[in-house]
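Here's a quick briefing to read alongside the model. Have the sequence and the 3D view open as you go.

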Amino acid sequence: MNEATSHVLAVAKREWRAYFDSPVAYVFIIIFLMLAGFFTFSLAQFFEAGQANLTGFFTWHPWLYMILVPAVAMRLWAEERRSGTVELLFTVSVTPLQALLGKFIAAWLFMLLALALTFPVPLTAAYLGSPDGGAVFSGYLGSGLLAGAYVAAGMFTSALTRNQVISFILAVVIGLFLILAGYPPVTDLLSRWAPMWLVDGVASFSFMSHYEALQRGVIDLRDLVYFASVMIFMLFATQVVLKNKVGR
C-alpha cells in the first residue's frame, strides 16, 4: 500500500469512527429505515399492490436522500473549517485530495450501510412471491449510486461554508434541482416553449431518468457513467473550493 492510499484510508477510518462516536449515526439510520418503511408499506401500499416487486420501495429513495444525505454530509467540511481543524488536517502530510477521498468514502459507505439494512424489504417480497432478482440488484445499484451522488453534492456545499445549516439548505436545493430537472411536470412545462433539444438537455442532468432506468432493472453503461460523472465533478469542485479556502 503506497503512502497516498494509506492517507486516504486513515482519513476514511477517522470519519467512520466519528459517525459512530455519537448517537447521530444511530438516530440517522433509525430515521432512514422508518421513513423507508413508511413510504414503502403505507404510501406505496406494498401489500395492497399484490405484486412481488420493489418499485414502491425504490421510488421514494431520491426524495429520502434529498433530505437525509445533506444531514450526513453537512458537517464534513463545515465543522472542520469552523473549528480550524482543516488546517491541522492538511499539515500532517495529507493533501486536500486525499482528505476529500477519505471523507467521501466514509460518508458513502455509511449511506450504503443504511441502505443495506433495508434488506427485510426484499426478503418480504421474496416471502410473498418471486421478485425479479436482477431488478432488485439493479434497483439497489441505482440507489447506492444515487446516494453517492448526493454525498458528493453535500460535500461540495459543506466546503463552501462554515455554517452547517447553510450547507444543508444548499445541498437540498441542488438535490431538488437534480430531481425536478427530469420530472415529467417540469419537462412538460419546458416543452411548451423550449425546443426539444433543450428540454432533453435539461432532463439529461436529472437524477430521475438515469435512476428510473436502473430501478426498472435496466443497467445501461450511460447511466453508470452519469452517476460517476456527477460524483467526480462534485468532488473536483469541492477540491477547488478547498484549495481556495485553505490556501493549498
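Is Arg 75 buried, partly exposed or exposed? Arg 75 counts as partly exposed, because its relative accessibility is 26%. Keep in mind that this is a predicted model. Two topics are worth a look here: a set of linked salt bridges around Glu 15 and a helix pair, α10 with α14.

**Salt bridges around Glu 15**

- The structure has four salt bridges in total, and a network of them links Arg 14, Glu 15, Arg 75 and Lys 103.
- As background, side chains with opposite charges can pair when their charged atoms come close.
- Start with Arg 14: its side chain meets that of Glu 15 in a salt bridge, at 3.1 Å from N to O.
- Glu 15 counts as buried because its relative accessibility is just 1%, under the 20% cut-off.
- Arg 14, on the other hand, sits at 32% relative accessibility, so it counts as partly exposed.

**Ties between distant parts of the chain**

- Arg 75 also forms a salt bridge with Glu 15, and here the closest N and O atoms are 3.3 Å apart.
- Arg 75 belongs to helix α6 (residues 75-83) and Glu 15 to helix α1 (residues 3-20), so this pair ties together parts that are 60 residues apart in sequence.
- Lys 103 joins in too, with a salt bridge to Glu 15 at 2.7 Å, N to O.
- That pair links distant parts of the chain, with Lys 103 in helix α8 (residues 96-116) and Glu 15 in helix α1, 88 residues apart.
- Both Lys 103 and Glu 15 are buried.

**Helices α10 and α14**

- Now turn to helix α10 (residues 133-160) and helix α14 (residues 207-215), whose axes come within 7 Å and cross at roughly 155°.
- That crossing angle is over 145 degrees, so α10 runs roughly antiparallel to α14.
- On the α10 side, the residues that meet α14 are Ala 135, Ser 138, Gly 139, Leu 141, Gly 142, Ser 143, Leu 145, Leu 146, Ala 149 and Tyr 150.
- On the α14 side, they meet Phe 207, Tyr 211, Leu 214 and Gln 215.
- Sorted by class, the contact of α10 with α14 has nine nonpolar residues, five polar ones and no charged ones.

Key:
Residues are numbered from 1 along each chain as its sequence is written. This is a predicted model: local features need pLDDT of at least 70, side-chain atom pairs count only at pLDDT 80 or more; totals for chains, interfaces and linings use all residues. Side-chain values use heavy atoms; hydrogens and water are left out. Buried means under 20% relative accessible area, exposed over 50%, partly exposed in between (1.4 Å probe, protein chains only). Helices (H or I, at least four residues) and strands (E, at least two) are DSSP runs, numbered from the N terminus. Axes are lines fitted to C-alpha atoms, for helices over the stretch in contact, and angles run from 0 to 180 degrees between N-to-C directions. Angles under 35 degrees count as roughly parallel, over 145 as roughly antiparallel, 65 to 115 as roughly perpendicular and the rest as oblique. Contact means heavy atoms within 4.5 Å. Ala, Val, Leu, Ile, Met, Phe, Trp, Tyr, Cys and Pro count as nonpolar, Asp, Glu, Lys and Arg as charged, and the others, Gly among them, as polar.
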